[in-house]
Amino acid sequence: MRNLNRNIWIFGGTGFVGKALVKLLSSFENKTLNVLIHKNRPYQTLEHVNTFSGSLLQFNSDWFLKYRPDILFHLARPAGRNLLTRFLASLYGQIANARLIPILRTLPVPPVLVYVSGSLMYGPRSENSPALEDSDLVPFSFATPYSRIERPFLHARNKGFLDIRIARPGWILGPSSWFREFFWKPYLLHGKVPCYGDGTQLMSIIHLDDCAAFIAALGRKDLKNHDLNVFCGSPISQKKFSCKLAELLQATIQIVPFKETRRQYGKTVALALTSSIPLGTRYEDLHHNVQCTYPDLESMLIHVVGILKYEQ
């Protein structure tokens, strides 16, 4: 891994993807990591980095003058559990990001800003029309309210204010998040692996650790003001995903129709679980250079399931 030789800031470094990114960047030499965290987070897990307490709206911007960022990885996104709280969270995020832009612009040398979004921003796609980095954005499901959060960045980039790069991961496979909630927990409860909808929807999957490697690469490659779709391998159907997981667990799958999925989890979750968003990329060379540690579905699942079994 190439040395960054840079002063790196991370927003959202204690989240699902953020922790993996902090772990990866900590292995780089000749760098300083600065992580903005909420005051109620366990500082002892971040003893090897500089930590700054605050929120997106209230952090002290003078810190940027003392620890001037070369790269800012932004993975912090306020979350909500229903339509109202997601709307309020998206409004909060929009205001916070709009505040951040002039702060960065006034620095002697504005940093590269890498913002981590998601593939739901593309909306449903057909197998013959995978979403590329320059595809139109048609926010869908969770992305409908959360699209508001990245508007300030898109506007600033269009105006040429900053070098803003947006990562759009597909399904990030790790021992938490969607996999634990919608596949592992139902398996533990019923002894069967769920497959939502009709199972034909396509998933572009990336292991959590490899996702962090792609995000880091976007920060250090010459991709000024570009986006990057983050995935590993060809899209697969959810039925294939569920069948492979069931095979590893020596279990069977259970088809959960859309109507039942909606009854259990609500419309927004049901749309996300049953949508088909295959990803492609304009940057084959970068994808080739970031060699995935877990290059196929089986290796991803073996590693993640091993972690979850160890936790039991």
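Let me start with Phe-59, which is buried at 3% relative accessibility. This is a predicted model, so please hear every value I give as computed from that prediction.

Phe-59 has an aromatic partner, Phe-11. The two rings meet edge-to-face, 5.4 Å centre to centre, with 65 degrees between the planes. Phe-11 is buried as well, with a relative accessible area of 1%. What does the pair tie together? Phe-11 lies in strand 1, residues 7–11, and Phe-59 lies in the loop between strand 3 (50–53) and helix 2 (63–66), so the pair joins parts that are 48 residues apart in sequence.

Another pair involves the elements on either side of that loop. Phe-52 and Trp-63 form a tilted aromatic pair, 4.9 Å centre to centre, with 45 degrees between the planes. Phe-52 is in strand 3 and Trp-63 is in helix 2, so this pair links parts eleven residues apart in sequence. Are these two residues buried or exposed? Phe-52, at 9% relative accessibility, counts as buried. Trp-63, at 22%, counts as partly exposed; the cut-off for buried is under 20%.

Those are two examples. A search of the whole structure finds 19 aromatic pairs. There is also an aromatic cluster made of Trp-171, Trp-178, Phe-179, Phe-182, Phe-183, Tyr-196, Phe-241 and Tyr-265.

Now the chain as a whole. The protein chain has eleven helices and 13 strands. Its C-alpha trace spans about 60 × 40 × 35 Å along the principal axes. With 312 residues, a compact globule would have a radius of gyration near 20 Å, and the chain has 19 Å, which agrees. Of the 312 residues, 53% count as buried. The chain exposes about 15000 Å², and carbon and sulfur atoms supply 50% of that. As for contacts, take those between residues at least 6 apart in sequence: 77% of them join residues at least 24 apart.

Next, the cores. In soluble globular proteins, nonpolar side chains tend to be buried together. Here the largest nonpolar core has 67 residues. Which of them touch the most other members? They are Phe-73, Phe-179, Ile-215 and Phe-241. Helix 6, residues 208–220, gives the largest share of this core, nine residues. Separate from it is a second core of 25 residues, which includes Leu-36, Leu-56, Ala-156 and Ile-164.

Phe-73 deserves a closer look. Leaving out residues up to four places away in sequence, Phe-73 touches Ile-8, Trp-9, Ile-10, Phe-11, Leu-21, Leu-25, Val-114, Ile-215, Ala-216 and Gly-219. You will recognise Phe-11 from the opening pair. Ile-215, one of the residues that touch the most other core members, is also on the list.

Now some polar and charged residues. Gln-238 is in helix 7, residues 238–249, and counts as buried at 0% relative accessibility. Beyond four places in sequence, the residues Gln-238 touches are Phe-183, Cys-195, Tyr-196, Gly-199, Gln-201, Met-203 and Leu-273. Phe-183 and Tyr-196 also belong to the aromatic cluster I listed.

Arg-168 sits in strand 6, residues 163–169. Is this arginine buried or exposed? Arg-168 is buried, with a relative accessible area of 0%. Arg-168 lies over the face of Tyr-122, at 5.8 Å from the ring centre. Its contacts outside the four-place window include Ser-117, Glu-150, Asp-227, Asn-229 and Leu-279, as well as Tyr-122 itself. From Arg-168 to Arg-77 is 14 Å, C-alpha to C-alpha, and 91 residues in sequence.

Another arginine over a ring is Arg-105. Its charged end sits over the ring of Phe-161, 3.7 Å from the centre.

Last, two backbone details. Ser-141 is not a glycine, yet has a positive phi of about 55 degrees. Ser-141 lies in the loop between strand 5 (112–116) and helix 4 (143–158), and is buried at 9% relative accessibility. Asn-225, also not a glycine, has a positive phi of about 60 degrees. Asn-225 is in the loop between helix 6 and strand 11 (227–230), and is partly exposed, with a relative accessible area of 24%.

Conventions
Residues numbered from 1 in each chain as written. Predicted model: local features only at pLDDT ≥ 70, side-chain atom pairs only at ≥ 80, totals over all residues. Heavy atoms only, no water. Core = buried A, V, L, I, M, F, W, Y, C linked by side-chain atoms within 4.5 Å. Buried < 20%, exposed > 50% of the residue type's maximum accessible area, 1.4 Å probe, protein only. Helix = DSSP H or I, 4+ residues; strand = E, 2+ residues; numbered from the N terminus. Contact = heavy atoms within 4.5 Å. Phe/Tyr/Trp six-rings, centres within 6.5 Å; stacked < 30°, edge-to-face > 60°. Lys NZ or Arg CZ within 6 Å of the ring centre and 35° of its normal. Rg over C-alpha atoms; globule rule 2.2 N^0.38 Å. Areas by Shrake-Rupley, 256 points an atom, 1.4 Å probe, with all protein chains shown as cover.
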